[in-house]
Each structure stands twice: as C-alpha cells, then as structure tokens.
Amino acid sequence: MTTSVSSQTQCCIAGGGPAGMMLGYLLARAGVRTVVLEKHGDFLRDFRGDTVHPSTLRVMDELGLLDAFLERPHQRLEVVGGWFGQEHVQLGDFRGLPERYAFIALMPQWEFLDFLAGEARKLPAFELRLRFEVTGLIEADGRFAGVRGHSPDGDFEVRADCTIGCDGRRSTVRDAAGLPVGDIGAPIDVLWFRVRRDPAETDSSLAAASRSATSSSPSTAATTVNAPSSSPRAAPTTSSATTSRRSAPRCSRRRRCSPPTSTTCARGTTSSCSPSASTG
Ligand SMILES: Cc1cc2nc3c(=O)[nH]c(=O)nc-3n(C[C@H](O)[C@H](O)[C@H](O)COP(=O)(O)OP(=O)(O)OC[C@H]3O[C@@H](n4cnc5c(N)ncnc54)[C@H](O)[C@@H]3O)c2cc1C
C-alpha cells in the first residue's frame, strides 16, 4: 500500500456520526488530541433521525452548548400525541421537565452533527478529516495502534494511543478487531418518509392511525415490513404527497415519517401508509 498521509495522535475515532462527533468533542475538550475520520464529505445524509430528545438537550445544556444549538432551525414538541381514528390520545408530556429542555427538538441529524463539528473545530486538540474512509486497523506490538484507509489524497495511516470505532452498525473497525456481534434480531424494517405538511396545519400530533380495514381514507393499507435476514432494506422511492387530517400519512407500526415538516408516526400504532415514501 502507498501511504501518502501518515500521522500520530492520542485518540483516533473512525466515524463522524453522533457517537464519533460527540466523543471527539468531549475528548478534545478534555485536552486529548483527537482525530475523527469520516468517510463522507459532509453530514447531509437524509436517512437519520430528527428528534433530539430532552435527555440529549440536557447534555447539551450541561456542556454549555444548548443556547447556541437551539439557534439552529428546529421545531419544538412539548406534548406528544396522536390521532387514532377520530380519537386523540396524548402519549407524552414533557412540560414537567426543567424548562430549558422540556420538549423534543425536531431538527435533522445533519444540523446536529454540523453544529457539533463547528463547536469541536474551535478546540485546538480536535481534528475532523472528511472523506477519510477507514479500511483496517494497524497492529503493532500486540495491540491495535491506529487505523489505515484511503482518502482523496491517497492511502493514509493514523497511528494512535487509543483507537475507537464509531463507524456504525456495519463497523469496519469492529470487523477488523474481530469483535463479535450479538444479534438480538430485528423482526421489522423501517420505511423513511418525507411528506409535505400543509402550512395551515396547526396540529402537531405525531401519529395518525386507523384500522385499514375500516378506514374510509384512500391511503394505501400497510402492515409492518418483515425484515428478511441479511437482505438490503426496502427502499420505496415514490414522491412526496400533500397531506391533510383525513388523508394524513398513515404509518405502520415502528415506521417513522420525516422531516420536521411532516407528520411523524409514533411507534406502537397500527395503521397504514400513504404511498409517499422515500428512504435512504
Ligand atoms: C431511520 C432512523 C431514524 C432514526 N431516528 C432517530 C431520532 O429521531 N432520534 C434519535 O436520537 N436517533 C434516531 N435514530 C438513531 C440514530 O440515528 C443512531 O442512534 C445514531 O445515528 C447512531 O450513531 P453512531 O454515531 O453510532 O452511528 P452512525 O450514525 O451510523 O454513524 C457512523 C458514521 O461513521 C461513518 N463511517 C462508517 N464507516 C466508516 C469508515 N469505514 N470510515 C470512516 N467513517 C465511516 C458513517 O459515514 C457515519 O457518519 C434513527 C436511526 C435510524 C436508522
């Protein structure tokens, strides 16, 4: 392998998702020289969450980041509820929490990551390298001593005192380290939606559910998606749809609709999905 970039640091983190970016920020804030390697060129991947929960907001508050974080565009959900047929059911109420984080912030994950990256880059001990894909581990003296991979400039090595894999569920680092995965099973898959919302709609309910057999809605009936083992996830790519209360996007159990401008389906509902899905 031709190595065009070689460097040494205290901590090397593979993966710039929520885990890698937060860990990188915390370590660098504590003065640990940390390099985060992310294989993508940015955080604009539209297939991840958009609910930042009160517990996360609390952490941001404890880190002194909350005010700046909430300057990013977001919507607030203080009460979570849903329509089940004609009946509105309240599922949660965050208003009893301390006021600063008594809500779910609806914010795309890329905003969260972009914010964290911005804060982390202010720290001299932090470095984020984008388009750096980790392909394996360096072994030296009977231990893992860093990572190797490739970037637009060629192959690279980052040697580190501590190497951490935060590279997601198909972790290259985990495989290279020979760490076993405990499969707890996943009987269903997730369909990821983008559905336009009527600007006049003031109802912030998360779920619109009905029994498909009795529904008069023209929405397509749906059930949960059985996840075939070891197969790629289903990826319907139909376009967005305008929704209303009656013809709202109906989402099956454990399906979620995004982004904040959409109706999001709560887990545990039995319903149907309008044919408006696009997933990543
Ligand atoms: C459809 C969906 C909806 C979700 N909704 C929410 C929600 O609303 N709220 C919430 O809190 N959580 C939500 N989650 C969960 C949340 O997205 C995950 O918990 C979180 O993304 C896990 O973070 P992570 O950093 O461990 O992994 P990941 O987010 O998977 O990040 C891994 C990172 O590593 C990078 N990477 C991978 N391989 C390499 C490599 N070889 N070299 C370098 N970089 C690499 C990837 O590009 C990625 O940026 C949702 C998850 C899904 C799938």
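Helices (H or I, at least four residues) and strands (E, at least two) are DSSP runs, numbered from the N terminus. This is a predicted model: local features need pLDDT of at least 70, side-chain atom pairs count only at pLDDT 80 or more, and totals for chains, interfaces and linings use all residues. Numbering starts from 1 along each chain as its sequence is written.

**Exercise 1.** Work out which element gives the largest share of the shell around the ligand.

*Solution.* Start with the 26 residues around the ligand (C-beta atom, placed from the backbone, within 6 Å of it). Gly15, Gly17, Ala19, Gly49 and Gly168 come nearest. Next, look for elements giving two or more residues: these are helix H1 (18–29), strand S2 (34–38) and strand S9 (133–140). H1 takes the largest share, with 3 residues.

**Exercise 2.** Explain why the ligand's shell lies between two domains.

*Solution.* Take the bounds from an automatic or database domain assignment. Domain 1 (3–49 + 110–177) and domain 2 (81–93 + 183–280) both supply shell residues, so the shell lies between them.

**Exercise 3.** Describe how H1 packs with helix H4 (residues 109–121).

*Solution.* First, the axes (lines fitted to C-alpha atoms over the stretch in contact, with angles from 0 to 180 degrees between N-to-C directions) come within 10 Å and cross at roughly 20°. That makes H1 roughly parallel to H4 (angles under 35 degrees count as such). Then list who meets whom (C-beta atoms, placed from the backbone, within 7 Å): Pro18, Met21 and Tyr25 are among the H1 residues, and Phe112, Leu113 and Glu119 are among those in H4.

Notes:
Parallel < 35°, antiparallel > 145°, perpendicular 65-115°, else oblique. Contact = placed C-beta atoms within 7 Å.
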